[in-house]
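Colleague: Could you walk me through this model and show me how each label is earned? I'd like to see the values set against the cut-offs.

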Amino acid sequence: MERTATAWQQLAEWLRVHAPTSHASILPPATEAEIEEAEGHLRHYCGYGFSPELVALWAMAGGVRQLDIDEYDEEGEVATGRFLPHGLLLTPSQSVVPRLAGLDSQGKDYWEGAQWAAPFGNYREATDTGLYLSAAGLGEWSSYEGLFMEEPLYPSIAAYLEAVNRTLREGPAGLMGSEVPGIVYGCLIWQNPQDPRLDETFTDWRPVH
């Protein structure tokens, strides 16, 4: 948890200097009530609670919000809080959505009892894809064509954030995969330059390395 705190603080400082709009999108720490309410749903329906490491992360930042930058981004392509390779830091309530989405009204669990929550997701609704955190580590989940969990990519949130920091500060740009970091309108946005997610705003996007 100490490593998580250090890695997050380093990331937040990098954003403050290099991507101030992304930095401004970070929410204040989550309250105990917010965490307890979301955890209550997990315990009620799934029988387990949040990882201490995830709670420690929320103690520094309770998620992100979308800031209005329509002056520069008329098409609304840039998510100001999407400054991680796998999307947004989700709030406690958002983080339980994909796990609970695997339960149907008859009590069947399509995640087959897997114990996890989603610290990061591609959208605030957290219904398509993102990263799960379980005792085994941090890995990708998706629900595009059925519910799938990949093998863990990182042993912890701390290891993931440390990899993000190394990519931003030292490089190489592709250290974490095909999506590389770049800045547009004061926002850190990761994308594949050969297949950019941005359209109208891509010409203003500048890679970090």
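Colleague: Glad to have it on screen. What makes glutamate 162 partly exposed?

Modeller: Keep in mind that this is a predicted model. The relative accessible area of glutamate 162 is 23%. Buried means under 20% and exposed means over 50%, so glutamate 162 falls in between and is called partly exposed.

Colleague: And how do you know that arginine 3 and glutamate 162 meet in a salt bridge?

Modeller: The N to O distance between their side chains is 2.6 Å. The rule asks for a side-chain nitrogen of Lys or Arg within 4 Å of a carboxyl oxygen of Asp or Glu, so this pair qualifies as a salt bridge. Arginine 3 belongs to helix α1 and glutamate 162 to helix α7 (residues 157–169), so the pair ties together parts that are 159 residues apart in sequence. Arginine 3 is partly exposed, at 46% relative accessible area.

Colleague: How many salt bridges does the rule give?

Modeller: The count comes to 5 salt bridges. One of them joins arginine 16 and glutamate 13, with the closest N and O atoms 2.7 Å apart. Both residues lie in helix α1, 3 residues apart, which is about one turn of the helix.

Colleague: Why is the pair of glutamate 39 and arginine 43 called a salt bridge, with its closest N and O atoms 3.6 Å apart?

Modeller: The limit is 4 Å, so a separation of 3.6 Å between glutamate 39 and arginine 43 passes. Both sit in helix α3 (residues 32–46), 4 residues apart. Their exposure labels are worth checking too. Glutamate 39 has a relative accessible area of 16% and is buried, because buried means under 20%. Arginine 43, at 48%, counts as partly exposed, because exposed would need over 50%.

Colleague: Let's turn to the rings. What makes the pair of phenylalanine 50 and tryptophan 58 edge-to-face?

Modeller: The structure holds 8 aromatic pairs. In the pair of phenylalanine 50 and tryptophan 58, the distance is 4.8 Å centre to centre, with 80 degrees between the planes. Ring centres must lie within 6.5 Å, and planes over 60 degrees apart count as edge-to-face, so both conditions hold for phenylalanine 50 and tryptophan 58. Phenylalanine 50 is buried at 9% relative accessibility, and tryptophan 58 is buried at 0%.

Colleague: Why is the pair of tyrosine 154 and tyrosine 160 called edge-to-face?

Modeller: Their ring centres are 5.3 Å apart and their planes stand at 65 degrees, so the pair is edge-to-face. Tyrosine 154 counts as buried at 17% relative accessibility, as does tyrosine 160 at 0%. Elsewhere, ring pairs link Trp111, Trp116, Tyr132 and Trp141 into a cluster.

Colleague: How do you know that the charged end of lysine 108 sits over the ring of tyrosine 110?

Modeller: The charged end of lysine 108 is 5.1 Å from the ring centre of tyrosine 110. The distance limit is 6 Å, and the atom must also be within 35 degrees of the ring normal. Arginine 82 lies over the face of tyrosine 123 too, at 5.8 Å from the ring centre.

Colleague: Now the sheet. What makes β1 and β5 edge strands?

Modeller: The open sheet has 5 strands in the order β1-β2-β3-β4-β5, with antiparallel pairing. β1 (88–89) and β5 (148–149) each pair on one side only, and they are the edge strands.

Colleague: How do you know that strand β3 pairs with both β2 and β4?

Modeller: Strands pair if there are at least two bridges between them. There are 3 bridges between β2 (residues 117–121) and β3 (residues 129–134), and 6 between β3 and β4 (residues 137–142), so both pairings count. Leucine 133 stands opposite alanine 117 and also opposite leucine 138 in β4. β3 and β4 form a hairpin with 2 residues between them.

Colleague: And why is β3 called largely enclosed?

Modeller: Of its 6 residues, 5 are buried, so β3 is largely enclosed by the rest of the structure.

Colleague: One last check: what makes glutamine 191 buried?

Modeller: Glutamine 191, in strand β7 (residues 187–191), has a relative accessible area of 0%. That is under the 20% limit, so glutamine 191 is buried. Its side chain reaches the backbone nitrogen of leucine 198 at 3.1 Å.

Note on methods:
Residues are numbered from 1 along each chain as its sequence is written. This is a predicted model: local features need pLDDT of at least 70, side-chain atom pairs count only at pLDDT 80 or more; totals for chains, interfaces and linings use all residues. Side-chain values use heavy atoms; hydrogens and water are left out. Rings of Phe, Tyr and Trp (its six-membered ring) pair if their centres lie within 6.5 Å; planes under 30 degrees apart count as stacked, over 60 as edge-to-face and the rest as tilted. Buried means under 20% relative accessible area, exposed over 50%, partly exposed in between (1.4 Å probe, protein chains only). A polar contact is a pair of N or O atoms within 3.5 Å; within protein, one must be able to donate a hydrogen and the other to accept it, and residues adjacent in sequence count only if both atoms are side-chain atoms.
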